[in-house]
Each structure stands twice: as structure tokens, then as C-alpha cells.
Amino acid sequence: MNERAHILPAVQAILDRSSVDAGPCAVLIVRLQGMREAQLRFGYDFGSEVMLASRERIVDAVRHVDTVFVAGDDTFVVVLPMVRNRTHALLAATRIVAAFDKALLRGERPWHGRAVVGVAIHPDHGVTAEWLYRRAELAHDEALRIGEAFAIYKPDVTPVEILYGELREDIEANRLQVAFQPLHDLRTGEISRVESLARWTTAAQVVVGPNDFIPFAERSDLIVPLTRWSLNASLRHAAALHRGGCPMDVAINLSPRVFVEQGFAEQVLGAIEIWGVPPQSVIVEITETALLTDMDMSVRVLRRLRDCGVRVAIDDFGTGYASFAYLRHFPATELKIDRSFVDAMRGDRRTELLVQAMIDVAHRLGLEAIAEGVEDEFTLRRLVEMDCDLVQGYHIGRPMPAEAFVQERLAAVSMV
Ligand code: C2E
Ligand code: CA
Ligand code: CA
């Protein structure tokens, strides 16, 4: 029996189980470009290993309720129950595509593949697993044909345009929101900083997190207006805190793509000046992919910002392949240790030692050490003992709407 013959009944079972009231199901065909060449060059064992690692990437990119099947040498079938609407299904496709942005490391050999995704929705595009499978395949072929990373089955509309239009309109109409998450300074015992995190509630009232729409924006030109919006919205709230006698640092996430924009540093500095926030209280957070994209350009932009007092944090430290190499060139002022390490610290001595080592490296280079993803008191205490400077995580405070955060803070100040 071939793989499809195994998978179809399992997909059908999921369709049968999920109630229509909870929302439609989506069936996705995910095919990895370049797998066949990799197999022919490096052998079938290598191919199998890449498939295993790829499956993990996809599993990490989707929700716990979603199911990932391996359907051949280069293909996966992903079933997403309760997707609410098409936008939601397409955003999941974007996440899967984005999961392959970084090369997979198999042994010594990096593998850089690209995922192309076809999407079909139950019940709109079929009620049986077989029909959905076939239509997701057709959508996949359509995506390949038009050179997109994904497509949805529907001969008469291009759904990417729907998603693009919806996000663009909402950015332009200032309908995205800023959430602030507090950071606790372990040296002063105060909440001294917030990280600004974008939120999008679509017209259909679906709250979409940035892990879903930022990769989509990055793949289109929307990342430019989105970054402009994020800078201004974050600084506006920060300015309110400063004016109200509760000055606080604000950390803003910058996507690697915007560094190549002409005059980007001036745009940031201009926004800081307009809102009247001291540049020393603004931190831009960059992940290392920023540097891998265009090291020289990124360093130039960041130096210009540093010269004017803006601080620079390396985000998600420890997750990339080049962490140490780029520390040499990077004009950073702080280092944010990735959540995956902090989260795994409990009860794992080796991870604890790693986190300690990262804090020490930061200090030796004259950088502040920040731990993100602190979810319990035990981890917090260990980080205090390790001499970490700042901590962030659900245990300190969850992200909340920036308006509410600002109001709460200003009310607390006026009580004193
Ligand atoms: P990040 O910069 O690493 O942001 C931290 C993420 O971890 C946030 O997710 C936050 O809600 C989550 N988090 C914080 N504390 C905890 C914890 O204790 N446990 C767990 N499990 N999670 C925690 P969020 O808001 O979904 O943001 C995801 C990513 O999207 C961010 O990762 C950042 O890279 C990106 N992002 C967010 N807003 C923007 C934006 O305005 N522009 C750009 N370019 N990227 C953004
Ligand atoms: Ca960040
Ligand atoms: Ca981070």
C-alpha cells in the first residue's frame, strides 16, 4: 500500500471528528524543493534525515491540535482542524514556509530547501479526504506555476491577494495594536523596560500573533509600512509614559528586511525625535538573521543608531549558527538569551551552565544580559544568582495592550 492510501483514512478520521461548528479544516500539501537533488547527490540516508528534521520544523510551526503526515520522499500532508477562516489557513502556510528560512544542519552539511504549500479547505473545496488532497495538490502546482510559496485551491481568486489586501488596509488604517510586555531589572528591582509586540485582529475578529503575519509581511513589501507603523505606535506609547512622569525604556523589534531600505536609520531617528523620547531609552531588537542577510549594511545602520544613543539588542541569542562570529562585528549593547534555553534550565544542569556562560560572555563584552521566557519563580531565582541583568517572561508579566499598560503605570505614579 502506498503512503497516500495510509494517510487518506487518517485524514478522513480527523475530518469526521471535527465538528463544523468549531470551524473548517484545512488540508495542506507541503513539498520541499531541492529534496530530489539532495538525495541524488548525498544519498537516501541524508534525504531521510532531512525529512525527519523538516517534519520537526513543521510540527514546531503549527499548533498542537494539527497533524503532520509524511507523504513521500519530499512531501508532507498537514491537517489543521478549526481554522476559523481562510486567512488563518494561509497564515499557517506562511509559518510553515518561514520555518525553512534557516538552513537545516544534518551532520556537517547544511541543507537549504524551500517549502511550497497548497491549501484546500473543508468543506468548501470538498468533503472527503481524497478530494481535499487532490485539490491541495492542484493548489500546490498553481503556487509553483506562479512562483509563490503557497496557494489556496480556488480557480477564480488569488487568495494571497486577499490576505495582502487585508493586512495592508489594516496597517494603513492603523488597525494593528501594540502590546507591551514588562522587563524586570534585577539590579534595581524595578520594571524598567517594555518590549513592544505587534497584534492584529482581523475583520473576522481573529487575533493573529506576529509569528503568523510578520513572516508574511517580510515576504512582501508590507514589512516596510509595518515597521513604520510599529516604530511610531511603540514610541507614541513610550512618549506617554515619559510625559506622565513614568519614564521607561522601550524595546522595538526590527525585521532584517528593513535594513536594506534607503535611509532607514534616519527614519528611525526621525521618529524618535518626533515623539520626543530620549534615544538612550530606545532599544532596537535584531535577530541574527538580520546580519546573515546583509552584514555590512546592517552594521552600518546599527552604528548610525548607536552613534545617536539608541541601544541595540541581539534577540534570540543562541539559536542561530553564527552567534559567536557576529558578536565580533555587531555594535550591540545587550544580549537576549533565547527563551528555549531559559525554559529548559529547570532541572537541567548543562542548560544552566550554558545560560551562565552566555551571561558571562555578555558581561565580558560589556553587554547587558537579558533572559526571556522566565515562567516560574525557580528560574527567576537561578537567574538572580547567575547575575543576569534583566528578565522577561510570563512570570514577570504577560504582554498586554499598550494603552492599558500605560494607564496602569500612570495611575500608579499619581497615587504616590
Ligand atoms: P520575540 O522578540 O522573541 O518576542 C518574545 C515572544 O515571546 C513574544 O511572542 C512573547 O509574547 C513571548 N513570550 C514572552 N514571555 C514568554 C514566556 O514566559 N513564555 C512563553 N512561552 N512565551 C513568552 P509574540 O508576541 O507572539 O512575538 C513573536 C515574535 O514576533 C517576536 O519574538 C518578534 O520576533 C516578532 N515580533 C513581534 N512584534 C513585532 C514587530 O512589531 N515587528 C517585528 N519585526 N517583529 C515583531
Ligand atoms: Ca524581541
Ligand atoms: Ca526573543
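At 24% relative accessibility, Asp316 counts as partly exposed. The model is a predicted one. Asp316 makes a good starting point, since it leads to a metal site.

Asp316 gives an OD donor to the calcium ion (ligand 3). Asp315 also gives an OD donor, and Glu372 appears twice, each time through OE. These protein donors lie 2.2 to 2.5 Å from the ion. Along the chain, the donors of ligand 3 are spaced D-D-x55-E. That spacing brings together distant parts of the chain: Asp316 sits in strand E13 (residues 311-317), and Glu372 sits in strand E15 (residues 368-372). Asp316 and Glu372 are 56 residues apart. What is the relative accessibility of Glu372, and is Glu372 buried or exposed? The value is 10%, under the 20% cut-off for buried. Glu372 therefore counts as buried, whereas Asp316 counts as partly exposed at 24%.

Now move to the second calcium ion. Which residue coordinates both the calcium ion (ligand 3) and the calcium ion (ligand 2)? Asp315 does, and the two ions are 4.0 Å apart. Asp315 thus acts as the bridge between ligand 2 and ligand 3.

The calcium ion (ligand 2) has its own set of protein donors. They are Glu195 (OE), Asn253 (OD1), Glu285 (OE) and Asp315 (OD). Their distances from the ion run from 2.1 to 2.3 Å. In sequence, the donor residues read E-x57-N-x31-E-x29-D. Here too, distant parts of the chain are linked: Glu195 belongs to strand E9 (residues 190-201), and Asn253 belongs to strand E11 (residues 249-253). Glu195 and Asn253 are 58 residues apart. Glu195 has a relative accessible area of 5%, so it is buried. Asn253 has 29% relative accessibility, so it counts as partly exposed.

Next comes ligand 1. There are 22 residues around ligand 1. Which of them come nearest? They are Arg199, Asp315, Arg339, Glu375 and Tyr394. Asp315 turns up again here, after its part in bridging the two calcium ions. A polar atom in the side chain of Asp315 is 2.9 Å from an oxygen atom of ligand 1. Glu375 also uses its side chain: an N or O atom there is 2.5 Å from a nitrogen atom of ligand 1. Tyr394 uses its backbone, where a polar atom lies 2.8 Å from an oxygen atom of ligand 1. Taken alone, ligand 1 exposes 810 Å², and the protein buries 85% of that.

Which elements build the shell around ligand 1? E9, helix H7 (210-219) and E13 each supply at least two of its residues. E9 gives the most, with four residues. By class, the shell holds eight nonpolar, seven polar and seven charged residues.

Strand E9 deserves a further look. Ser196 lies in E9. Ser196 has a relative accessible area of 6%, so it is buried. Which residues touch Ser196, leaving aside its neighbours within four places in sequence? The contacts are Val178, Ala179, Phe180, Ser234, Val250, Ala251 and Asn253. Asn253 in that list is also a donor to the calcium ion (ligand 2).

Glu190 is also found in strand E9. Not counting residues up to four places away in sequence, Glu190 touches Leu183, His184 and Asp185. Glu190 and Tyr133 are 57 residues apart in sequence, and their C-alpha atoms are 54 Å apart in space.

The walk ends at helix H3 (residues 44-61), which contains Val59. Val59 has 35% relative accessibility, so it counts as partly exposed. Val59 and Pro110 are separated by 51 residues in sequence and by 20 Å in space, C-alpha to C-alpha.

The loop between H3 and strand E2 (67-70) holds Asp66. Is Asp66 buried or exposed? Its relative accessible area is 11%, so Asp66 is buried. The side chains of Asp66 and Arg63 make a polar contact at 2.6 Å. Leaving out residues up to four places away in sequence, Asp66 also touches Val79, Leu80 and Pro81.

Conventions:
Residues are numbered from 1 along each chain as its sequence is written. Chains are lettered from A and ligands numbered from 1 in the order in which they are written. This is a predicted model: local features need pLDDT of at least 70, side-chain atom pairs count only at pLDDT 80 or more; totals for chains, interfaces and linings use all residues. Side-chain values use heavy atoms; hydrogens and water are left out. Donors are N, O and S atoms within 2.8 Å of the metal (3.2 Å for Na, K and Ca); water is not among the atoms, so sites may look incomplete. Buried means under 20% relative accessible area, exposed over 50%, partly exposed in between (1.4 Å probe, protein chains only). A residue is near a molecule or strand if one of its heavy atoms lies within 4 Å of it. A polar contact is a pair of N or O atoms within 3.5 Å; within protein, one must be able to donate a hydrogen and the other to accept it, and residues adjacent in sequence count only if both atoms are side-chain atoms. Accessible areas come from the Shrake-Rupley method with a 1.4 Å probe; for residues, only the protein chains shown count as cover. Ala, Val, Leu, Ile, Met, Phe, Trp, Tyr, Cys and Pro count as nonpolar, Asp, Glu, Lys and Arg as charged, and the others, Gly among them, as polar. Contact means heavy atoms within 4.5 Å.
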